Structures are given as C-alpha cells and as structure tokens.
Amino acid sequence: MRIRQIGTLVFDANTNIVVDANNQDALGIGFRVNDLYDPQPFAAEIAFRRATRQQALNAVNAFARELHSYAQRRRDNLPAVAGGALVVVEDANGGTSLQSYLRDGSVTLLGVEATSTGVLARVRVTGTLINPFLNYTYTSTPLYTLLPYERRAVTLTGTSDAYLYVSQINQQYFNMSGLYNALLAVEELESATGTSRIQAINPASVSSGITTQSWDAGWATLTRANFSSATSGTITYTIPTSPIDIYRLFIEIYCPTTPPSNARYLVSWSEQPQIAETISGNRSWYTPALIALDQALSPLTLEIQSVPTGTLVMPIVLLPTDGVYVFNIISPPTLTGYRAAVPQTNVAPVFRVFPSGTIYGPPGFISSRHIAVFNGAMSPSLSGAYASVGIYSHRIEPAAFA
C-alpha cells in the first residue's frame with residue numbers, strides 16, 4: 001500500500017510513510033472478501049522531517065488537528081459520508097485515483113530524534129476507513145429495453161477482469177401502468193462464460209376460472225396465471241432438481257384492486273406443510289421460504305384465496321441465497337423509477353423512489369465485471385412494457401491496499 005495523501009498532507013521527501021530498508025510499500029490494511037465494503041481498519045507510521053524540533057512537533061500538531069477538524073463535518077457534496085480525512089493511495093498506474101475517508105483517528109508520537117538532515121518526529125496514525133479504496137470516477141453501463149422478467153448476462157462497460165467494482169443503479173419503467181412493486185436481482189458471475197442460476201418457473205396446471213398468458217421474456221417464454229373469472233384457485237409448478245443450490249422462493253401476486261382482508265396464499269410441496277401469508281394491497285412480491293434443490297420437490301402447489309378477479313400470478317422465481325443482490329421497490333401506482341446509489345460517492349440521497357416509496361436492499365452492489373440482471377417488474381398490460389437500467393461502476397483495486 002503506497003499512501004500518497006492524508007487530509008491535506010501530501011507526502012514528499014520531508015514527510016513520508018515509514019517503510020522498510022528495501023523501500024517497499026507500507027503494509028496494507030488487508031483485503032477481506034466477506035465484508036469488503038464494510039469500514040476497514042487503517043494504520044500507518046509517518047515520519048516528519050523538519051529543521052528544528054519545534055517545527056517537527058508543530059507538523060505533528062497540525063496533522064492531528066486536521067484529523068479532528070475533518071471528523072466534525074460531513075464531506076463536501078457527499079452527505080452520506082459523516083466526516084473524515086481524505087486518504088489517497090497509489091493505483092496500479094501510479095496515479096492518485098483511489099480514495100477513502102479516515103474516521104476515528106488516533107495519533108501516537110513514537111519518538112523525536114536529531115539526524116544529519118534535520119529533526120525527525122515519528123508518529124503512528126490509526127483509525128477506520130469508511131470503505132475500501134476505490135476510484136471516485138465511474139464508468140456507465142446502460143441496459144435498454146429490459147423486458148418484464150428478463151434475465152440478461154451483462155459485462156460492465158470499460159472494466160477489466162483484474163479488478164472489482166462497486167456499482168449503483170438507476171432504473172426506469174416504461175409502459176407499465178399500475179406497477180406498484182418491482183424487484184431487481186443482480187448476480188455476480190465468475191467469468192464471461194459463467195451461467196446464471198436465477199430461475200423462473202411456469203405453471204404446470206391451473207384450476208377452473210384461471211387462464212394463462214405467455215410472453216417472450218428475452219431469455220425464455222414465460223407464462224402467468226390470470227384469475228379471469230375465479231377469485232380462488234390452485235396453481236401447480238414442476239420444480240427442477242438442478243442446479244443444486246439453496247434458493248429463496250419468490251412469488252409475485254399482482255392484485256388490480258385492493259384485496260379483501262381475508263385474501264391469502266398457501267404454498268406447499270412434498271414434505272413441506274402449507275405456508276400461509278396474507279395478500280397485501282400495497283405489495284405484490286412475497287418470499288415465503290428457502291428451497292434446497294437437492295431432492296425432488298414437485299409438485300409445488302400454490303393456493304390463492306379471496307382475491308379480486310383479474311389478479312395475476314407470475315412465474316415463481318428462484319434466487320440463489322449467495323452471490324445475489326436483491327432490490328425490492330414499493331411505491332403507490334404507478335412506479336416509474338428508483339435509484340440505489342453508492343453512499344461514499346453520491347451527492348444525492350442514497351435511495352430515491354418515484355413516486356415516493358420504499359426500497360428494501362443494499363446501497364449498490366460489489367461484483368466482478370460479469371453479472372446477470374433479472375428484471376422482476378410486471379403490469380397488467382404487456383404491450384410495449386420494458387425497463388431501462390443504468391449501472392455506474394467505481395473500480396476497486398485489491399492490490400492497492402491488500
């Protein structure tokens with residue numbers, strides 16, 4: 001880790017990080033896979049070389065004062081960053097593009113000694129970085145005409161297999177009148193040839209009074225059930241046995257009007273007693289269970305009770321529990337868009353829904369350059385319905401701080 005700047009202190013021949021006799025970079029803070037984007041511990045030893053002892057101590061005083069002052073206010077144009085001194089490290093090209101902010105700083109004077117070139121004051125500074133070092137400029141990846149329930153493999157624009165990326169999302173919906181609850185899933189893929197494990201499963205059979213409607217979702221022909229004349233009924237699904245993994249079961253039940261208070265769904269499969277939940281008028285997505293595809297689960301039976309006619313039940317969706325970021329957006333109809341931003345880099349509020357609503361999910365996501373995106377948005381009319389997604393990615397260089 002080659003540190004170039006802390007606060008306004010730019011390191012040079014007279015103020016620098018103490019390294020070993022071979023002039024190697026200072027020890028890094030560590031690259032932690034499981035909690036990469038959490039606050040990171042930081043420590044470094046700094047040498048201040050000045051002409052006199054008092055000048056050396058004054059340099060230490062000024063540095064400590066600055067750490068305190070920057071901790072007292074939020075960063076300019078970054079309202080989600082609750083103070084901290086800027087820390088800049090060298091990137092792979094020798095530039096100064098990788099940054100973070102240091103909070104909870106502590107400065108310890110290790111010693112003052114006279115040398116042939118002046119007085120040397122050595123201090124140790126520790127604290128907490130609000131996030132790993134990342135590039136505060138971004139590359140953008142636009143996804144156009146994302147169809148309802150489309151799953152699409154994506155390679156982030158202007159990126160490399162050598163790095164990781166933290167990305168934010170801006171999604172808009174078009175020709176989706178009545179939309180009040182949408183879901184977006186982002187799955188990291190290991191390589192360009194990686195295969196997504198996200199699955200959507202069509203109904204195998206429906207009871208009387210329920211019709212089916214199919215549409216092209218881009219990656220598959222999918223089918224939804226329409227309670228055209230029934231207010232209660234049963235839908236069955238054939239669950240695949242591969243790829244073997246642990247999945248979250250997602251069910252979308254779209255009611256065109258507010259359902260009565262006794263509306264509910266019941267889901268069950270072999271060796272699984274019924275799971276029941278009330279159907280709400282302000283959301284359509286439900287997550288009743290985890291499913292392990294290590295044994296035959298078919299048939300999965302979904303019973304719907306006391307819903308308005310015109311209620312739509314979409315293909316059930318299986319999302320792996322690991323490696324998938326899920327954004328669940330709820331808004332009064334009609335939902336037109338939302339933003340889930342990276343807090344350390346965004347000048348606007350991290351979450352925004354249009355019209356005003358709620359987002360359940362993380363502030364952005366971390367991945368390699370290869371991902372799969374699933375657009376879980378549906379409206380009564382499929383004619384011309386689509387979404388666009390903008391992904392804005394900031395580079396993380398693990399070697400810069402490992």
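Which residue of strand 30 stands opposite Leu184? Select Leu184 and look across to strand 30, where Asn375 stands opposite. The model on display is predicted: local features need pLDDT of at least 70, side-chain atom pairs count only at pLDDT 80 or more, and totals for chains, interfaces and linings use all residues. Residues are numbered from 1 along each chain as its sequence is written, and side-chain values use heavy atoms, with hydrogens and water left out.

**First stop: the open sheet**

Extend the selection to residues 181-188, which form strand 12, and residues 370-376, which form strand 30; six bridges join these antiparallel strands. Strands here are DSSP runs (E, at least two residues), numbered from the N terminus, and two strands pair if DSSP finds at least two bridges between them. Strands 12 and 30 belong to an open sheet of five strands in the order 10-30-12-25-28, with antiparallel pairing. Strand 10 (151-155) and strand 28 (358-360) stand at the edges, and each has a single partner strand, so one side of each lacks a neighbour in the sheet. From one strand to the next, the twist averages 20° (axes are lines fitted to C-alpha atoms, and angles run from 0 to 180 degrees between N-to-C directions).

**Second stop: strands 3, 4 and 7**

Next, select residues 15-17 and 40-50. These are strand 3 and strand 4, paired in the antiparallel sense over three bridges. Within this pair, Asn16 has Ala47 of strand 4 as its bridge partner. Add residues 118-129, strand 7, which pairs with strand 4 in the antiparallel sense over eleven bridges. Here the bridge partner of Ile46 is Val123 in strand 7.

Now centre the view on Ala121, which lies in strand 7. Is Ala121 buried or exposed? Ala121 counts as buried because its relative accessibility is 0%; buried means under 20% relative accessible area, exposed over 50%, and partly exposed in between (1.4 Å probe, protein chains only). Leaving aside residues up to four places away in sequence, Ala121 touches Ile46, Ala47, Phe48, Ala56, Val60, Leu109, Gly111 and Val112, where contact means heavy atoms within 4.5 Å. For a distance across the model, draw a line from Ala121 to Gln199: the two are 78 residues apart in sequence and 61 Å apart in space, C-alpha to C-alpha.

**Third stop: strand 22 and its partners**

Select residues 300-305, strand 22, together with residues 233-237, strand 17; five bridges join this antiparallel pair. Tyr237 has Leu300 of strand 22 as its bridge partner. Strand 19, residues 264-269, is also joined to strand 22 by five bridges and runs antiparallel to strand 22. In this pairing, Tyr265 is the bridge partner of Ile304.

**Last stop: the backbone in four loops**

Most residues other than glycine have a negative phi, and most peptide bonds are trans. The following places depart from those patterns.

- Ser242 to Pro243: this peptide bond is cis, with omega near -5°. Pro243 is in the loop between strand 17 and strand 18 (246-254).
- Pro333 to Thr334: this peptide bond is cis, with omega near 5°. Thr334 is in the loop between strand 25 (324-330) and strand 26 (337-340).
- Tyr149: phi is positive, near 65°. Tyr149 is in the loop between strand 9 (139-146) and strand 10, and counts as buried at 0% relative accessibility.
- Asn175: phi is positive, about 55°. Asn175 is in the loop between strand 11 (164-174) and strand 12, and counts as exposed at 51% relative accessibility.

Note on methods:
Helix = DSSP H or I, 4+ residues; strand = E, 2+ residues; numbered from the N terminus.
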